[in-house]
Amino acid sequence: MKSWLHSVNGAMTLSTLAFLTFLGRAFLDWRYEYPYQDPAGNWDTPGTLIYMALAGVWMWGLLAGERGSRRGWMVVLVWVLLLDVALALATYFILCPPWTGCEGWPNVWAWNWANLLTGVAAAIALGMQLRQPESRGLRMG
């Protein structure tokens, strides 16, 4: 398991899972939370463009990292820490603390914990990937 976590495949798999949980959370936020924040829908197009940009940069980082780019792995690490880990912690402690009676949308806590767990796992794998010498990070063939 430890060698898989050190591998490009491990970093790629965990980062992709973190990306997918981010997308799931984004879809549910879009469905349940944004209509309350912007009932007129003025931010629909800008919000969509922002999410597309975030997803596009994340995908670029995943593809670049798989090909051995340290810059790609660094971008994915920043995205994982911001969009999965920090957002999950901010939701729990600031945006919708459960001890205040905040209910959120259906299954909010399952998605929040999924974001946190996949984000932390991906961050660990990405950190290990970035600590390796550059030539070990490349995958040939």
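## A tour starting from D38

Begin by selecting D38, which touches W43 and D44 once residues up to four places away in sequence are left out of the count. Please keep in mind throughout that what is on the screen is a predicted model.

**The loop around D38**

With D38 still selected, follow the backbone to either side, and you will find that D38 sits in the loop between α2, residues 8–37, and α3, residues 44–66. Next, show the backbone nitrogens of N42 and W43 together with the side chain of D38. The nitrogen of N42 is 2.8 Å from a polar atom of that side chain, while the backbone nitrogen of W43 lies 2.6 Å from a polar atom of the D38 side chain.

Which side chain of opposite charge is nearest to D38, and how far away is it? The nearest is R31, at 14 Å, and D38 is buried yet has no salt bridge. In general, side chains of opposite charge can pair when their charged atoms come close. A salt bridge is counted here when a side-chain nitrogen of Lys or Arg is within 4 Å of a carboxyl oxygen of Asp or Glu, and by this rule the count comes to one salt bridge.

**The pair in α2**

To see a salt bridge, select D29 and R25, whose side chains meet with 3.3 Å from N to O. Both residues belong to helix α2, where they are four residues apart, or about one turn of the helix. Are D29 and R25 buried or exposed? D29 is buried, and R25 is buried as well.

**From R25 to T91**

Keep R25 displayed and add T91, which is found in helix α4. If neighbours within four places in sequence are set aside, T91 is in contact with R25, C96, P97, W109 and N112, and showing these residues as sticks lays out the surroundings of T91. Because its relative accessibility is 3%, T91 counts as buried.

**Along α4 to the surface**

Stay in α4 and move to F93, which lies in this helix, spanning residues 70–95. Then select L89, F93, I94, L95 and W99 together and switch on the surface: these residues form a nonpolar patch there, with about 600 Å² of accessible area together.

A further stop in helix α4 is A86, which counts as partly exposed because its relative accessibility is 33%. If you draw a distance from A86 to S15, C-alpha to C-alpha, the two residues are 15 Å apart in space, although their positions lie 71 residues apart in sequence.

**Two stops in α3**

Now turn to helix α3 and select A53, which is found there. A53 is partly exposed, with a relative accessible area of 43%, and its C-alpha is 12 Å from that of L23, with the two residues 30 apart in sequence. Continue to G56, which is likewise found in helix α3; because its relative accessibility is 39%, G56 counts as partly exposed. A line from G56 to G119, again between C-alpha atoms, covers 18 Å, and these residues are 63 apart in sequence.

**The loop before α5**

Next, select G104, whose place is in the loop between α4 and α5, with α5 covering residues 108–131. Is G104 buried or partly exposed? At 41% relative accessibility, G104 counts as partly exposed. From here, add I124, which is 20 residues along the chain from G104, and note that their C-alpha atoms are separated by 29 Å.

**Stepping back to the whole**

Finally, clear the selections and show the protein as a cartoon, in which there are six helices and zero strands, so that, as helices and strands are assigned here, the elements run α-α-α-α-α-α from the N terminus on. Along its principal axes the C-alpha trace spans about 50 × 35 × 20 Å. If you colour the model by accessibility, 38% of the 141 residues count as buried, and the protein exposes about 8400 Å², of which carbon and sulfur atoms supply 68%. Displaying the contacts between residues at least 6 apart in sequence completes the view, since 70% of these contacts join residues at least 24 apart.

Note on methods:
Residues are numbered from 1 along each chain as its sequence is written. This is a predicted model: local features need pLDDT of at least 70, side-chain atom pairs count only at pLDDT 80 or more; totals for chains, interfaces and linings use all residues. Side-chain values use heavy atoms; hydrogens and water are left out. Patches are made of residues with over 30% relative accessible area and no salt bridge: like charges are joined within 9 Å, nonpolar side chains (Val, Leu, Ile, Met, Phe, Trp, Tyr) within 5 Å. Accessible areas come from the Shrake-Rupley method with a 1.4 Å probe; for residues, only the protein chains shown count as cover. Buried means under 20% relative accessible area, exposed over 50%, partly exposed in between (1.4 Å probe, protein chains only). Lys and Arg count as positive and Asp and Glu as negative; His and the chain ends are not counted. A polar contact is a pair of N or O atoms within 3.5 Å; within protein, one must be able to donate a hydrogen and the other to accept it, and residues adjacent in sequence count only if both atoms are side-chain atoms. Contact means heavy atoms within 4.5 Å.
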